[in-house]
Amino acid sequence: METIFITGVLGQDGAYLARHALEKGHRVVGGVRSSSGANTWRLDELGVARDVELVDFELLEEPNIRAVLDAVKPDRCFNLAAQSLVGTSFRQPLLTADVDGMGVLRLLECLRMAGGQTRFYQASTSEMFGRAIETPQRETTPFYPRSPYGVAKVFGHFITRNYREAHGMHASAGILFNHESPLRGAEFVTRKVTLGLARLRRGTGGPLRLGSLDARRDWGHARDYVEGIWQMTEQPQGDEFVLATGHSSSVRDFVFAAALCLGFDPECRGEGDNETIVDRPSNTLLVSIDTSLRRPAEVETLVGDASLASERLGWRPTIGFGALVAEMAAADYQRAGHVPAAVS
Ligand code: NAP
Ligand code: F7E
């Protein structure tokens, strides 16, 4: 039995990864910010809340990191904690840089000072490719981040590589493309859509406002992606791997798929910023455009090539776009029937 330490354990990936590690028979300790309320709804939904040991953890606070590592003595440390909202990073760029960039260095340095034997995983992101220089994006594609979030993550990525090369640490970085699930935060577009349309279907919410329908993403399922994350830390040495499905879909495609799952018959009307999506039979407005929700710089389209992960880790996504959307829509339809405060 190993001791697995997961920062950001209350987030989407943290919850799935905690369950994955528990199923493998390990002790799981999760870092939480009691200052933000430590809401365990995701661990509760997965039925593992009582099996994960929670410790107060803040990436901005080096003495706290040191004390936690000293007490926990992890065999593996998965750094999933981050200010992960791309839009927010434009409004809070310094905080984002401190948590998502310097926070990684603080953690790595504390691990090094503690002996450097802990296997480390850093949550890197396809947002580092930003205005992508080649398609599909792979491990060797140059980075061109388009947000403070992306820029901070590039620092986290390279400092992880540096600690591997300079200090011989077993340090890996997964360049993960968007991965979603019923446990996704409601601020992200996929969950915003499934939750919004489910409430509309239940008659408990109004039409959705989205920044645009054109952006394209490579959307996979978080359950698949935590298996790839785990595999990276099982390798003889640390390395960097892209995890992606290889297929991209637009926000419009996502809205259509979710609307169909929820029994609507969606149709586009109008063009550009006046485009709307309506339910044809009832003439109900489902989605309109709100340009104030757009970001100062946008990542238009991303699609990844996970060949290296397939070759070396034996990793392949098993849940396709249609099944992902159906699972999210069904979960939110259930929730919209009794709207729990935690996901509202
Ligand atoms: P998430 O749901 O937003 O979870 C992030 C977690 O980090 C939250 O539990 C949050 O705690 C915690 N956190 C934030 N600031 C912190 C700080 N200063 N100190 C300690 N903890 C802090 O994110 P996710 O979707 O699970 O993603 C996990 C990681 O993968 C993130 O690093 C994200 O940037 C990265 N990533 C995600 C995707 C994706 O598509 N999901 C793709 C590529 C990379 P609270 O609960 O207290 O707010
Ligand atoms: O946006 C567009 C938006 O916020 C997806 C994070 O997990 O994945 C996530 O970042 C696209 C963007 O995710 C709305 O502008 C349109 O083009 O769901 P999102 P993201 O920005 O791709 C990466 C890989 C991460 O690493 C991040 O941590 O959808 N979009 N209208 C909208 N997005 C939102 N949130 N809300 C809208 O109304």
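Which residues come nearest to ligand 2? I started my notebook there. I'm working from a predicted model, so I treat every value below as computed.

**Entry 1: ligand 2**

I looked up the surroundings of ligand 2 and got 23 residues, with S84, T125, Y149, R295 and E298 coming nearest. Sorted by class, that shell holds 10 nonpolar, six polar and seven charged residues.

Next I went through some polar contacts. An oxygen atom of ligand 2 sits 2.5 Å from an N or O atom in the side chain of E298. For R217, an N or O atom of the side chain is 3.0 Å from an oxygen atom of the ligand. At E187 the partner is a polar backbone atom, 3.0 Å from a nitrogen atom of ligand 2. I then checked the cover: on its own ligand 2 exposes 700 Å², and the protein buries 92% of that.

Where does ligand 2 lie with respect to domain 1 and domain 2? It lies between them, because both domains give residues to its shell. I noted the bounds too: domain 1 is 3–179 + 219–243, and domain 2 is 185–217 + 249–299 + 319–343.

**Entry 2: ligand 1**

I did the same for ligand 1. I found 24 residues around it, the closest being R33, S36, E58, S84 and Y149. S84 and Y149 caught my eye, since they are also listed among the residues nearest to ligand 2. The shell of ligand 1 splits into 10 nonpolar, nine polar and five charged residues.

Which elements supply at least two residues each to this shell? I get α1 (12–23), β5 (119–125) and α6 (148–167). The largest share, three residues, comes from β5.

For polar contacts I wrote down three involving an oxygen atom of ligand 1. A side-chain N or O atom of K153 is 2.9 Å from such an oxygen. With H179 the distance is 2.9 Å again, but to a polar backbone atom. A82 also offers a polar backbone atom, at 3.2 Å. Ligand 1 has 900 Å² of accessible area on its own, and the protein covers 88% of it.

**Entry 3: salt bridges**

Side chains of opposite charge can pair when their charged atoms come close. I counted salt bridges next and came to 27. I followed up three of them.

The E53 and R27 pair has its closest N and O atoms 3.0 Å apart. This one links distant parts of the chain, as E53 is in strand β3 (residues 53–56) and R27 in strand β2 (residues 27–32), 26 residues apart. Are these two side chains buried or exposed? Neither quite: E53 is partly exposed at a relative accessible area of 37%, and R27 counts as partly exposed at 27%.

R335 and E45 meet in a salt bridge at 3.0 Å, N to O. R335 lies in helix α11 (residues 321–338) and E45 in helix α2 (residues 41–45), so the pair ties together parts that are 290 residues apart in sequence. I checked accessibility here too. R335 is buried, with a relative accessible area of 6%, while E45 is partly exposed at 46%.

R252 and D214 form a salt bridge, with the closest N and O atoms 2.7 Å apart. R252 belongs to helix α9 (residues 251–261), and D214 to the loop between β8 (208–210) and β9 (216–217), 38 residues away. R252 counts as partly exposed, at 21% relative accessibility; buried would need a value under 20%.

I also looked for shared partners. Salt bridges of that kind join E45, R191, D332 and R335 into one network.

**Entry 4: helices α8 and α9**

How many of the 11 residues of helix α8 are buried? I got eight, so α8 (residues 222–232) is largely enclosed by the rest of the structure. The buried residues are A222, D224, Y225, V226, G228, I229, W230 and M232.

I went back to α9, the helix that holds R252. Its buried residues are V251, F254, V255, A257, A258 and A259. After α9 comes G263, and I noted its positive phi, near 85°.

Note on methods: Residues are numbered from 1 along each chain as its sequence is written. Chains are lettered from A and ligands numbered from 1 in the order in which they are written. This is a predicted model: local features need pLDDT of at least 70, side-chain atom pairs count only at pLDDT 80 or more; totals for chains, interfaces and linings use all residues. Side-chain values use heavy atoms; hydrogens and water are left out. A residue is near a molecule or strand if one of its heavy atoms lies within 4 Å of it. A polar contact is a pair of N or O atoms within 3.5 Å; within protein, one must be able to donate a hydrogen and the other to accept it, and residues adjacent in sequence count only if both atoms are side-chain atoms. Accessible areas come from the Shrake-Rupley method with a 1.4 Å probe; for residues, only the protein chains shown count as cover. Helices (H or I, at least four residues) and strands (E, at least two) are DSSP runs, numbered from the N terminus. Ala, Val, Leu, Ile, Met, Phe, Trp, Tyr, Cys and Pro count as nonpolar, Asp, Glu, Lys and Arg as charged, and the others, Gly among them, as polar. Domain bounds come from an automatic or database domain assignment. A salt bridge is a side-chain nitrogen of Lys or Arg within 4 Å of a carboxyl oxygen of Asp or Glu. Buried means under 20% relative accessible area, exposed over 50%, partly exposed in between (1.4 Å probe, protein chains only).
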